Amino acid sequence: MSYSRSTAKRSRVPGVMITQFVEQLPAGKSTPDFARKPMTTTVQEGKKAFFKAMVSGEPPPTVTWGRNKGEMDDTENYSTRYDERAREHVLEVMNVKLDQADSYKCFATNEYGQAVCVVTLNVIEGRISYFHLLKKKQLPPQKEGEIDPKLLELLISAPKKDYERICWEFGITDFRWLLKKLKQMKKEREDEQSKVLNENLDNVKQIEVKPSGNAEFSFDMKLRDPNSSVNLYKDGMMIPYDDDKNSKHSLQKTGTNYVFSIKDPQKEDAGFYQVDVEETNVLTTDFQVPDVDFVAKIKSTKVTQNEDAIFQCVLSTPINKITWSKEDASLEDGGKYEITVSEDKLTHTLRIKDCQMADKGEYYAIAGITSSSASLSVQGTAHSAKENIKDGKDGRDGGYGGDGNGEDGDDGTGKGDKDDGDGVQFVRGLSDTDAKVGERAELSCKLSSETSEGRWYKNGKLLTEEDGVTIIKDGALHILVIKCCKKDDTAVYRFEAEGRKSEATLNVKDPPILDSDALGEFTNPVIVRVGENAQWKLPFSGGAPMNIQWYKNDDKLLPGVNVKIETSDSESQLRLTKCQRKDTGEVKIKIKNEFGTIEAVSKLIVLDKPTPPQGPVEIVESAVNSVEFNWKPPKDDGGCPITNYIIERQQVGRNKWLKLGEIPGTPSYKDTDVDPGRRYCYRIRAKNAEGISDYLQTGDIPAGYPGPPTTPKVVSAFNDCINLSWSPPCDTGGTKILGYTLEKNKIGTNYWSLVNQKEPITVKDVFEGAAYQFRVSAINLSGAGEPSIPCEAVIARDPKKPPGKVKDLKLTSSSYTTFSLAWTKPKEVKGIEDEAQGYYVEIRPIENLDWSRCNASPISLTSYTVLGLKAMAAYWVRVIATNYGGDGEPQDLDNYIIAMPPPVKPRFKDRNMKTLMVVKSGNTVRLNINYEASPMPEICWLKDGIPLLKHVTITNSDRGSQLLIPTSERSDSGIYMITMKNMVGQESFSIEIRVTDDPKPPGPVELYENTPGTVTLCWTPSPDEKRDDRLHYMVSKRDSFKRTWRTVADNLFNNKFTVVNIMPGREYYFRVFAKNDMGLSPPSESPCDFLFSIKARKNHSPPSFIIPLKRRTAPEGYECYMTCAVRGDPTPHVTWYHNNISLNTNTNYHITNVCGVCSLLILRVGPKDNGEYKVVIENKLGNAESSMALNVRVFLFVPFLLFLWLRF
């Protein structure tokens, strides 16, 4: 009996459906699958369309194509082929019509299954118009604080010398941190391009406006498939082009060179241009059209030979760089040309150094799409002409001051300057020529007169035919021929006729040369045996010095124990000692000098005995009187063909091996001398001309025993019996099958018990509720064969009804790649819905209709976690309960699930986040803010309520945001606020960053008043006072009695201080320090260590203010200091008032009175602190008061700007 059905499998590639035809795949076999499925294509009507697919499977599947709404029998419209090099199956649709827009299917089929995928062909009607432009996948928009994707695309296509300029345009001054990521992206892009290009792009020229007025960019490109489509996109939108130069967009192709041109570019043509081959990007360039005009254009100039020429223009708008060109050739800074830009980016200058006649011509300055042109004239001098005649080089200049190229030195006619008269002229001057040693070289020029005679010179020396040259005059054509060039023929040659002259250089090159006979002998393979030596010798000739390198299998060979290299001026020899089989391969020599490189390739073959034959051994037949089996040939045949295989046999249970003989080199053997019922083991050795391999030993092979039947299948199961069925074995052992042996195994035991020796249909010896496995063996005249594979466990119980729907299906957790489900077991309804034994979880993307099963076998738990999801993708989910009676009805979730964590309002994770950061000027500011939020929030940074400057770098991730200032300055000080917002809510945090430096000391200290009992100090402010609003001063004192320094005043924001309580009869010394957030400065400079020596004296005085209170304005949330200096004897009592209310007992204010300096500190000022502050001082001789107004400044514009950012 047989039973089989087709089953569906899950493919590695999304969108592919696989059907398996057999229940169990044989070893080493597989169903078809797609390694790369065809892609949906959109083409214009009348063009070609291509679908390409790569498939896998064993045996290799057959690929066929079909369409949904029609046939594909017409070979004129549809063509299929297999590209062996790319291993791709290709469907080509010729001359696409509108009715061919359809869904197309690709079938990959072998004997074990079939894989199917569907693609769509979209057809655009008529010529492409701007209403039918095709969308290209847009670059992702730049996020706040992250790298602009356009920058990375431009850097991938740009040469390294342009990195700095491109990064500067995007506001990045240090791009070294980008190089690692850029290198990785370049490698990925090159891997993609290698699928459509034979080589990387070469000779890439970025887009720029030419003097002709057209904008052009070009590159060299070698396509793998000449029929590949080349598409042009602007800002993600496909634009049409043709090969007509008069079209708006055109492509001129010459060989492998592609030139894209935009005729008469306008401002609307500015954009981000990309070139794609098929769907692979190969080039990106940015065309910018700034709004600029020339305030002052470049002007024509005339210089004397060997002088510098300068062109200068002034623009209306600052531009970092403009294009300078001569005719159609762009000029770059360096060498001959010096290009400079003023600091304001308005004045651009081109300097042409050491002008020669060849520099004459029209020069262009191009800014955006606006250009300015001027001509350069180079005039030779009589002095320079005489010198040129003297050293034999003036002929290169085309006559008196000419360039050897034409009129006024332009076209090679040698006319020279206009005032030279009407003599003979050069129609064509000499040209520089290259030749190889031993070859023929020829120099020629043409005069305007056929009757004129001339003379030839070599390095200024007159040449005749006695010098080994041939001089030919053919009318106006004059030719100098050197039949066999030598190295000393390299020289400057000049031709003179009637005062006109032209010169050129002949370069005789001497590249490496190999003798043809020696090369032919070298290319013959060298064949040696294992352990022998191999030797190559190759003579050569050519100009010294020579660089010679030997290679084996493209690896450089260096002298070593087994490698000997000997090289002379004319020969190189390689000797490999004690060669092994692994040394077999290609041997190459590369000879190089300054004139060229030559290579020669040979081959080394090392002969050895073969490796053992390969298993596993496949039993083809096991009959009563014969056994036949196959094996695989050796992996390595030792370098020569396998001639024979040696077969030995051993009967299982005996020690003796019997040699059966040698067979020809076919890996198959049939043993006809076997006894029924016996088991045999075989040894197989391979033999070639070099020896015999080690053996391959088979397992036990029975003779005449039947093969295993198919796995038993459970037809039905009940409480007291189980019904089984199976199919006979394919191999009967050469005799009739007499019966079967059925065995059972109770799950949980290791014992197989015999049920009976006939063909049972029903097994009754079972216990209710117990689980069993069964296996069966076939019996023939030789006995019982191998048992079959055991069937799956089956429980002895009555049949079940499928279960009902699961209850309370819900989502318990989710992330970007997983989500977890939970549900309640369905209720059992007797006779209608039985108990569920397991569950299947199925999902499908919201855009697909096919469900895919997440678990191959049922799960018993009422929860499951789905893995491998695509971030932010939407999925439908359902759960199916199952038991032995079948699958129940699926239970779907009410809504689809998005693969993302549960929405979480942004929250800062650091509990003790600092609100103040003090950084030394010049150091790096790095501020890391960790947060949690879902989905990832939009992050905005502001400094004092306005966007950050370009030199501040923000890097965002899904867990944090980093603010980086590579080199901080004082201007970077301020309040930095980060705001995070997602769909759930938003959160903000502010931190003050103070950028400061070690304070510089104040100036010299002077005494300007000396009243009884007090000393008033005055000093010059520190240079940092104007730049640091938090800088203050500290005064220290030392007297002649205690001899130690102590602080008498701190937090002084003025340049005066009165020291009180001066004791009579003591000498006092004072120092003044500047102080800020970084610390103390050195003490104030003075000619000696002690600044003052003052005798104290006793005197009484009424209270008065040395320094009164001053009006102050403080920002909300900051601390505020109010200070004044008082004097009086006896020491006056000080009382502070706010709006006439005493503050002396108010704990919200910090009040100090140190040596006459009275201070009031408010830690965080607010609107309630606005108003009048007054200090009243009094002693027994009188009283005095001083008042001020405090204004608290509120940052109203910060929340307003934040509101605008969140709103728009």
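Trainee: What makes Leu1052, Asn1054, Lys1056, Phe1057, Ile1107, Thr1123, Cys1124, Ala1125 and Val1157 the lining of the second largest cavity?

Mentor: Each lining residue has an atom within 4 Å of a point of the cavity, a set of points on a 1 Å grid over the protein atoms alone where a 1.4 Å probe fits but cannot get out. This is a predicted model, in which local features need pLDDT of at least 70 and side-chain atom pairs count only at pLDDT 80 or more, while totals for chains, interfaces and linings use all residues. Residues are numbered from 1 along each chain as its sequence is written, and side-chain values use heavy atoms, with hydrogens and water left out.

Trainee: Which element gives the largest share of that lining?

Mentor: Strand S90, with 3 residues; a strand is a DSSP run (E) of at least two residues, numbered from the N terminus.

Trainee: Why is Asp276 called buried?

Mentor: Its relative accessible area is 2%, and buried means under 20% (1.4 Å probe, protein chains only), so the term applies. Asp276 lies in strand S17, residues 271–277.

Trainee: What makes S33 and S34 paired strands?

Mentor: Pairing requires at least two bridges found by DSSP, and 5 bridges join S33 to S34 (residues 477–482), so the antiparallel strands qualify. One of the residues involved is Lys473, whose bridge partner in S34 is His478. The open sheet has 4 strands in the order S28-S30-S34-S33, with antiparallel pairing.

Trainee: Why do S28 and S33 count as edges of this sheet?

Mentor: S28 (426–428) and S33 (470–474) each have a single partner strand, so one side of each lacks a neighbour in the sheet.

Definitions and conventions:
Buried means under 20% relative accessible area, exposed over 50%, partly exposed in between (1.4 Å probe, protein chains only).
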